[in-house]
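Let's take a look inside this protein and see how its interior is put together. Have the structure open and follow along.

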Amino acid sequence: QLQASGGGLVQAGGSLRLSCAASGGTFSNYATGWVRQAPGKERQFVGSIIWSGTATYYASSVEGRFTITRGNSKNTVYLQMDSLKPEDTAVYYCAASTQKMYVGLQFDYWGQGTQVTVSS
């Protein structure tokens, strides 16, 4: 089970940190990622981190502004979002893949979404 939290309303240029806490499985061995969906748009891959936490992958639209890290327990993953833009407004979902490294939208496990709204 994945539980995302940390969403909210922020002004453009601001920052937010989302958390994804995993329970009930060996998620420390899985790749974990973030996917977002804006109103009226398709889901978009945001980024992911491999099982060991030693490599990350990002969509070009967030590269250099967003950072994904794993907590010490490796059952928590964070999405630090800096220099936020209005176009980052979306529901953000954390997700996990049973693969050790994964980039895409076909994750195996999904958490509930958390709303991020960036005002201009």
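The largest cavity has a volume of about 40 Å³. Keep in mind that this is a predicted model. Searching the whole structure turns up 1 cavity of 30 Å³ or more. Its lining includes Leu2, Cys20, Ala22, Phe27 and Arg70. Sorted by class, that lining has 6 nonpolar, 3 polar and 2 charged residues. Strands E3 and E8 each chip in at least two of the lining residues.

So what about E3 itself? With 5 of its 7 residues buried, strand E3 is largely enclosed by the rest of the structure. Here's how E3 pairs up with two other strands:

| Strand pair | Sense | Bridges | One facing pair |
|---|---|---|---|
| E1 and E3 | antiparallel | 4 bridges | Leu2 and Ala22 |
| E3 and E8 | antiparallel | 6 bridges | Ser19 and Tyr78 |

Leu2 and Ala22 are bridge partners, and both also help line the largest cavity.

Now for the nonpolar core. Which residues touch the most other members of the largest one? They are Trp34, Phe66, Leu79, Met81 and Tyr92, out of 28 residues in that core. Several strands each supply at least two residues to this core, among them E1 (2-5), E3 (16-22) and E8 (76-81). A second, separate core has 6 residues, including Ala31, Val35, Phe45 and Phe107.

Tyr92 is worth clicking on. Leaving aside residues up to four places away in sequence, Tyr92 touches Trp34, Phe66, Leu79 and Met81, among others. Val35, from the second core, is also one of the residues that Tyr92 touches.

Key. Residues numbered from 1 in each chain as written. Predicted model: local features only at pLDDT ≥ 70, side-chain atom pairs only at ≥ 80, totals over all residues. Heavy atoms only, no water. Core = buried A, V, L, I, M, F, W, Y, C linked by side-chain atoms within 4.5 Å. Buried < 20%, exposed > 50% of the residue type's maximum accessible area, 1.4 Å probe, protein only. Contact = heavy atoms within 4.5 Å. 1 Å grid on protein atoms, 1.4 Å probe; cavity = no way out; pocket = protein on both sides within 12 Å on 5 of 7 lines; lining within 4 Å. Points joined across faces, edges and corners; volume = space filled by probe spheres on them. Nonpolar A, V, L, I, M, F, W, Y, C, P; charged D, E, K, R; others polar. Pairing = 2+ DSSP bridges.
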